[in-house]
Amino acid sequence: MIHFDNVTKVYANQNRPALDHVSVDVDKGEFVFLVGPSGSGKSTFLRLILKEERPNSGAIHVAGKDLARLSNFKVPHLRRRIGCVFQDFRLLPNKNVYENVAFALEVIGKPRRFIRKVVPEVIELVGLEGKAHRMPDELSGGEQQRVAMARAFVNRPMILLADEPTGNIDPATSIGIMKVLDRINRTGTTVVMATHDAAIVDSMRKRVVELEDGKIVRDQSRGVYGQAY
Amino acid sequence: MRANFIFSEVWIGLRRNLTMTIAVIITVAVGMAMLGVGLMINSQVGLMKGFWNDKVEVSVFLCKKGTAMPACNGKAITPAQTKALEAHIKGTQGVKQVFFENETTAYENFKQSFSSNKALVDATKVEDLPQSFRIALKDPDNYESVIQAVTGQPGVAQVMDQKQLIAPFFSMLDKLAIAALTVAIILVLAAALLIGNTVRLSAFNRRRETGIMRLVGASNLYIQLPFVMEGVIAGLVGGVFAAVILIVAKVFLFDQIVGFFGGATALLGWNDVAQTITITMIIGVVICILASFVTLRRYLRV
């Protein structure tokens, strides 16, 4: 599903590469934790999958497509198959829960009938039934992140990328977020989650890829956050 | 594509930048009106030149007894001189036709021209008016050589070309047209910059939305269209105001000027005005679209 082959990324005006000859394979339906200290290249990894950045060398295949050969014109279509969740939720403050989720479908031109059908379904999936008409500032952090996950998942993407989704959320609430991610993963969606949260990684017992200074230093199935921490 | 989604986005964008939108509308309106006025003056000058060129003729006034002109020496032209002069004029290059106007016809024309000034007409007798040859020219713009050929011939009191009288008026109109077009170009430039700025503000105001649109895979067109539409709508509204200004200019400016100098056949038709309005509208909208796209390329990377 995601295939990195010897990928190096150096940002302009920087000597040290953000990713240094990284090769990794993620299969369909897998759940992968991306761990490592800040600046180790986790976010760069995710941005490369979205083709928000281009690698300096190496090849990236996502959903069977070679990103280097994907024209700019087709990048939006790639992104429709990838859902994204961030630490800062990125909700629209002037739209309620339902409208925030529906927005993702409206802007890719889905018909209204379809939107009316699937949005309530996905709101229920993330556990926000009955709160569809709340505004984001009336929700807790955990609930806001659930809205963001609903938005990321409403178009049934093949891949869900989560960049520290529990970074702004207390540990008890984080467990609920992880349950939703797990539920999404069980529908067959590949999940890649960058995180600092050792407790979560240890409790989930999923594949762990550890980055340090842009290099993969560990790739373990059913791993833990790491002995060093 | 969902039209009402785009229109609600456009409406929100226009309202958020109301002052900038008004500035764009005013600039586009004045700029396009200037452009239109320039174009209309141009076609008006064309029409009036055509009208005048049909009429313009060189008048050769002949000496009569007691004429004050130094060329006559106070003597009247003899019939032999008249014949010779007519032959000379007919032989001159560039002459199309020659008519002889005697005192009686001259007096009739004079009475007609000054019918409003009764005292002057009453004070003037038939004998006061000179005889003259009226020369129609092959090329109305090339009157100098004919004047030179006739001036100084025996019995000629004075040679006059109506063109000399109206030429300054035409050159003034030409200058006005150039001035209007220059102002138009400057204003169009200002409008383009203003639109660019408006789009930039809009893009900044809506960076959250556009960021999410990018993320969920909205197409570039879908993301950019609301911004471009904002520019187009501002341009169109400005164009409508410009159209109103042009219609007012036709009724209260052009028709009046032509009434003084041209006569009814040189009147600028509504067809010409409609054409000018169409041209200015198209130019205005195209400039808005171009300015929006250029700015979006810089401030809305996809």
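Visitor: How many residues does each chain put into the contact?
Guide: In this predicted model, chain A gives 14 residues and chain B gives 15 residues.

Visitor: Which helices of chain A each supply at least two residues there?
Guide: Those are α2 (75-80) and α3 (97-106) of chain A, on the side that touches chain B. The largest share of that side comes from α2(A), with 4 residues.

Visitor: And how do the residues on that side divide by class?
Guide: On the side of chain A that touches chain B there are 7 nonpolar, 3 polar and 4 charged residues.

Visitor: Switching to chain B. How do α2 and α10 cross?
Guide: Helix α2 (residues 18-55) and helix α10 (residues 270-299) of chain B have axes that come within 9 Å and cross at roughly 140 degrees. Angles over 145 would count as roughly antiparallel, so α2(B) and α10(B) are oblique to each other.

Visitor: Left-handed or right-handed?
Guide: The crossing of α2(B) past α10(B) is right-handed.

Visitor: Which residues make that contact?
Guide: From α2(B), they are V28(B), M32(B), L35(B), G36(B), L39(B), M40(B) and S43(B). Helix α10(B) brings D272(B), T276(B), I277(B), I279(B), T280(B), I283(B) and G284(B). By class, the contact of α2(B) with α10(B) has 8 nonpolar, 5 polar and 1 charged residues.

Visitor: What about α7 of chain B, how many residues does it have?
Guide: Helix α7 (residues 162-205) of chain B has 44 residues. From first C-alpha to last, α7 of chain B reaches 64 Å, close to the 64 Å expected at 1.5 Å a residue.

Visitor: Where is the kink in α7(B) centred?
Guide: On P168(B), with a kink of about 25 degrees.

How values were computed
Residues are numbered from 1 along each chain as its sequence is written. Chains are lettered from A and ligands numbered from 1 in the order in which they are written. This is a predicted model: local features need pLDDT of at least 70, side-chain atom pairs count only at pLDDT 80 or more; totals for chains, interfaces and linings use all residues. Axes are lines fitted to C-alpha atoms, for helices over the stretch in contact, and angles run from 0 to 180 degrees between N-to-C directions. Angles under 35 degrees count as roughly parallel, over 145 as roughly antiparallel, 65 to 115 as roughly perpendicular and the rest as oblique. A crossing is left-handed if the near helix is turned anticlockwise from the far one by less than a right angle, and right-handed if clockwise. Two residues are in contact if their C-beta atoms, placed from the backbone, lie within 7 Å. Ala, Val, Leu, Ile, Met, Phe, Trp, Tyr, Cys and Pro count as nonpolar, Asp, Glu, Lys and Arg as charged, and the others, Gly among them, as polar. The expected span of a helix is 1.5 Å times one less than its number of residues. The bend at a residue is the angle between axes fitted to the seven residues ending there and the seven starting there.
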